[in-house]
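Trainee: I should like to understand how the terms used for a protein model are justified. May we go through them one at a time?

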Amino acid sequence: TIPAQSGSDSLANVTQLTRDPSNTYMPTLNKRLELAYVSELPSGGREIRTAGATVKGGVPIFDTGREEFTKSVNGSADLRPQWDVGGEGLFFDSDRTQKIHNIWYKRRDSRGYTQITMHDKDAWYPTVSRDGNRIGLAWLDLGSGRCTVQEVDGEAALAAELARLAPAEIPFDSDSDAVIQPLQAGDATFDITAVSMGNPHA
C-alpha cells in the first residue's frame, strides 16, 4: 500500500496495476488495452501473465483476474513479452530449451509454443510492428560515429531509404576479412559488406 502523497514528484497520480505476491515487470499493452507482464516465481523462474481491462470514464481499469499465459519449465525465464498485431498472441524470449534464450510465440487460444529462432547463443528483445507494416531501420555513420534509428512504412519505403543511404560496410569482429551479404527489400537487392575492424568489442 502506498500512502497518500503530494508534490510534483509524488506518486499521487500513479495507479498500481498488479498485486501479485512476487515481483512483476516488463508490462506491455495490446490495442484492446489488455496487459501482459512478467511475474517472478518463488522457484526463480519467470512466467508471463495477462489481465483484461474495462474503460471507465476514459481510464482503463484492470480486472483482478489474471491469466497464466506461459508456464515456466524447470525454472525457465519467459521475458520481454510483445503482443502480435492482432493482440491474440505474444512474442517473448525464453530459455525454456537448452537454457539458451530464443524468441518464442504463443497464441491465447493455443496450449502450444512456437520457437521462432533456433540460435545457439542468446536471442532477446522481440519487437513487433503495431500495424504490421512499419519497419525499423538503424544505421551508423562511421565518419561521425552517429547512430540513427528510423521507422519506415512498408518494404517500398525501406527500399527507397536503403537506396538513399547506399549502405557499404558493417563493422564486426570476425576471423574472415570480409563478408558480403545480400539484403532483399521489396524488388531491390543491396549488397552489404561486413568488414572486420580488428576490435573484439566492435
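Mentor: Let us begin with a pair of residues: Y105 stands opposite T114 in β10. Please keep in mind that this is a predicted model.

Trainee: How do you know that β9 and β10 pair?

Mentor: Two strands count as paired if at least two bridges are found between them. Strand β9 (residues 102–107) and β10 are joined over two bridges, in the antiparallel sense, and therefore the requirement of at least two is met.

Trainee: What makes β7 and β10 edge strands?

Mentor: Four strands form an open sheet, in the order β7-β8-β9-β10, with antiparallel pairing. Within this sheet, β7 (78–83) and β10 (114–115) each pair on one side only. In general, strands of a sheet pair through backbone hydrogen bonds, either parallel or antiparallel.

Trainee: How do you know that β4 and β5 pair?

Mentor: Strand β4 (residues 53–56) and strand β5 (residues 59–62) run antiparallel and are joined by four bridges, whereas pairing asks for at least two. V55 has P60 in β5 as its bridge partner, and K56 has V59. The hairpin of these strands has two residues between them, and G57 takes a positive phi near 60° there.

Trainee: Why is R80 called buried?

Mentor: The limit for buried is under 20% relative accessible area. R80 has 15% relative accessibility, and therefore counts as buried. This residue is found in strand β7.

Trainee: What is R80 in contact with, leaving aside its neighbours within four places in sequence?

Mentor: The contacts of R80 are M26, V38, F91, F92, D93, W124, Y125 and P126. With D93 there is also a polar contact between the two side chains, at 2.6 Å. Such a contact must lie within 3.5 Å, and the value of 2.6 Å satisfies that limit.

Trainee: Which residues make up the largest nonpolar core?

Mentor: The core has ten residues: A36, V38, I48, F69, A77, L79, W83, L90, F92 and W104. At least two of the core residues come from each of β2 (35–40), β7 and β8 (89–94). Across the protein, which has 202 residues, 32% count as buried.

Trainee: Why is the pair of E40 and R46 called a salt bridge?

Mentor: The cut-off is a side-chain nitrogen of Lys or Arg within 4 Å of a carboxyl oxygen of Asp or Glu. The side chains of E40 and R46 meet at 3.7 Å, N to O, so the pair qualifies under that cut-off. As for exposure, E40 has 21% relative accessibility and therefore counts as partly exposed; R46, at 25%, also counts as partly exposed.

Trainee: How do you know that K71 and E68 form a salt bridge?

Mentor: Their closest N and O atoms are 3.9 Å apart, and the limit is 4 Å. K71 counts as partly exposed because its relative accessibility is 48%, and E68 counts as partly exposed because its value is 43%. In general, side chains of opposite charge can pair when their charged atoms come close.

Trainee: What makes R164 exposed?

Mentor: Exposed means over 50%, and R164 has 55% relative accessibility, so R164 counts as exposed. Its salt-bridge partner is E161, at 2.5 Å, N to O. E161, by contrast, is buried because its relative accessible area is 11%. Both residues lie in helix α1, three residues apart, about one turn of the helix. An α-helix has 3.6 residues a turn, so residues three or four places apart point the same way.

Trainee: How do you know that the span of α1 agrees with its number of residues?

Mentor: At 1.5 Å a residue, the twelve residues of α1 (residues 154–165) should span 16 Å; the end C-alpha atoms are 17 Å apart, which agrees. The buried residues in α1 are G154, L158, A159, E161 and L162. Just after α1, A166 takes a positive phi of about 50°.

Trainee: How many salt bridges does the structure hold?

Mentor: The structure holds twelve salt bridges. R32, E34, E67, E88 and R108 are linked in a network of them. For the protein as a whole, there are one helix and 15 strands.

Definitions and conventions:
Residues numbered from 1 in each chain as written. Predicted model: local features only at pLDDT ≥ 70, side-chain atom pairs only at ≥ 80, totals over all residues. Heavy atoms only, no water. Expected span 1.5 Å × (residues − 1). Buried < 20%, exposed > 50% of the residue type's maximum accessible area, 1.4 Å probe, protein only. Polar contact = N/O pair within 3.5 Å; in protein donor to acceptor, adjacent residues only side chain to side chain. Contact = heavy atoms within 4.5 Å. Core = buried A, V, L, I, M, F, W, Y, C linked by side-chain atoms within 4.5 Å.
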